[in-house]
Amino acid sequence: MIEKAAYILSVLIGIIVANSCTYFCPSQDFSKAPATAEANNAPADSKYRNYGSYLAGWVAHLRHDLNKAADYYKRSIPYVPKEKMLPTQLYVMLTSQGRIDEAVKYAQIAREQGDDSPFICTIEAVSLLKNKKFQEAVDVVDDCSNPVSEKFFNPLIAAWGYAGLKEDKKALKALSPLAGDPAFRPLYLFHAGAINDYLGNTKAAEAHYTALMNLRHMELSVFSLQVIANFYLREQEPDKALRAASLAINKDNLMMKTVIDEIKKADSSIPPFLENPNVGLADALFSIALLLQQNSGNAEIAILFASLAYYCSPEYPLPQLLIASLLEKRELYTEANEAYARVPKDSYAYYTALFHTAKNLFRLGKTREAEKIFKNLYLNYPPNPDILTNLGEVARINGRFREAADFYLQAVECYPDEDLTDVWPLYFAIGISHSAAGDNGKAEEYLRKVLKIRPNKFTQNHLGYILLLQNKNLEEAFELIVSAYNPVTDDGTVTDSIGWAFYKIGNYEKAVEYLEKASSMAPSEAVIYDHLGDAYWQIGRKREARFQWNHALNLKDDTGEFNRRKTEEKIKNGLKRPQIPAVDQNKIDAQTARLEKKEKNKLRLFRRK
């Protein structure tokens, strides 16, 4: 049902966005000079100084520094041609940043310039409702005729406006357009129940809540659960409150667990959850944002509605979580963390906000700050595989490989035995951490576990390479690496393994061939250049060998394998001929033939193209 509602809403929203392409993208046409009447009457230096504010705003807009962009744009409004629709960009931008009262002013200017977007009515009405001007808000909604508004926005906003006026019949009549569409019926039932709940119509509220919970496959969100459970607890029906809790979505999620635990501890003395219409309106707006965000093309509009929801009820944390997650998808991690920082410490969502803040700091390369938060979560919350996994990642990135392996293992132990097929990446991480720490025996043990649980090319390559490092089972190592090798993917790591496998069996010409390929595919990997230097030395290209070793010394190594001291010694003294271990040549020849077949298939593929 949610997916269908999201689809319908996305189609309707798409019509609006297609008609207003300047909403979310800054204009880049600077060929026209300032053209407004006010600009023409201004001194020349003033005109261009203020048009410069527009350019500065445009740059800030491109960098997604929307607060700064809005401030620059505000200064330049009188000096920018109307066709740039700057007020439209401004009200959308200000709304998305939570500056709703300012947004209203520029929304009204945009309307005067020909912008007929329903978002203008929505922003105005929400601002009026927030300021308890309920009748004025309803009037604004009534005057807004637009397919999207009439089908979806208007019913929710007007219903809570009438609720503020204590007019229950008008509120339910306003909400009724949602009742006829099966996709929106759950939303109708919840808000009809919540409005009756707020207005003290107990029987009507219970009838709507019961109908909602009896819908097939119904799962209650955090907010719906809180409102419905609060109602039943106040009505001294704790069993029905617990039934609502049994319908909670993602019951294993710590945020939902916290809410359910609070419900179990509460009694009939609990205060009403819906203390004013803005709380209900906030969830209505958040519901719109939640539906919109399911289509990536609507991300900006979803942020707009989530910001309106937060404006209505700042203590409601879910809009900020949604805004942050949408910013994360666009890799705007600093901006996402600013949204997470608005979640109060005493909120049921604080753990989620803190956890994702740490993940974003890690993505930004601020590993110390990230590790501090993860350790705080580790000490203050129940054992959690996500925290342990991220602590392992931080330790691994910082070269503390044994510590990383320990954290990964603790994460594995958080899962029941029957879930082990889902945690093979943790076994893989344990294996490569032990390898980086120099314990190839342990690495082999865990990588073999992965191949039993979930065979994959990454593990085949790493296990084969670890066997090469130990000069152990070279035939098996060769077979594993050839199995992992795909000449079409340009994977420098696997290509390096192929080259190193040939080096280990004494085929130095072939080793050079593949190691040269690997170095072009992964030009920042110290180990690959170190290997290439070794291979060059063995075929007599000693000057080139020293060049490659020197190059390796200038690169960063995240594997833990590259030994700077040994490479410096090779540059100084050269390299001895290695002793070639005995191998089953027939098996090696079979894998070499298999490798050559893969290469020929690649050539055929390219010729067809």
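## A tour of three helices

Start by selecting histidine 208: leaving aside its neighbours within four places in sequence, this residue is in contact with Tyr188, Leu189, Ala192, Gly193 and Asn196. Keep in mind as you look around that this is a predicted model. Now widen the selection to residues 202-213, which make up helix 12, the helix that holds histidine 208. Is histidine 208 buried or exposed? Its relative accessibility is 16%, and buried means under 20%, so histidine 208 counts as buried.

Next, select residues 474-484 to bring up helix 27. This helix is mostly covered, with eight of its eleven residues buried. To see them, highlight Leu474, Ala477, Phe478, Leu480, Ile481, Val482, Ser483 and Ala484.

For the last stop, go to helix 31, residues 542-553. If you like a quick geometry check, pick the C-alpha atoms at its two ends: they are 17 Å apart, which agrees with the 16 Å that twelve residues should span at 1.5 Å a residue.

Stay on helix 31 and colour Ala545, Gln548, Trp549, Ala552 and Leu553, which are buried. Why do they fall on the same side of helix 31? Because they cover an arc of only 145° around the axis. The spacing behind such patterns is a familiar one: an α-helix has 3.6 residues a turn, so residues three or four places apart point the same way.

Rotate to the other side of helix 31 and you will find Arg543 and Phe547, both exposed. To finish, show helix 30 (526-538) and helix 32 (564-573): the buried residues of helix 31 pack against them.

Technical notes:
Residues are numbered from 1 along each chain as its sequence is written. This is a predicted model: local features need pLDDT of at least 70, side-chain atom pairs count only at pLDDT 80 or more; totals for chains, interfaces and linings use all residues. Side-chain values use heavy atoms; hydrogens and water are left out. Helices (H or I, at least four residues) and strands (E, at least two) are DSSP runs, numbered from the N terminus. The expected span of a helix is 1.5 Å times one less than its number of residues. Buried means under 20% relative accessible area, exposed over 50%, partly exposed in between (1.4 Å probe, protein chains only). The arc is that of the directions from the helix axis to the C-beta atoms. Contact means heavy atoms within 4.5 Å.
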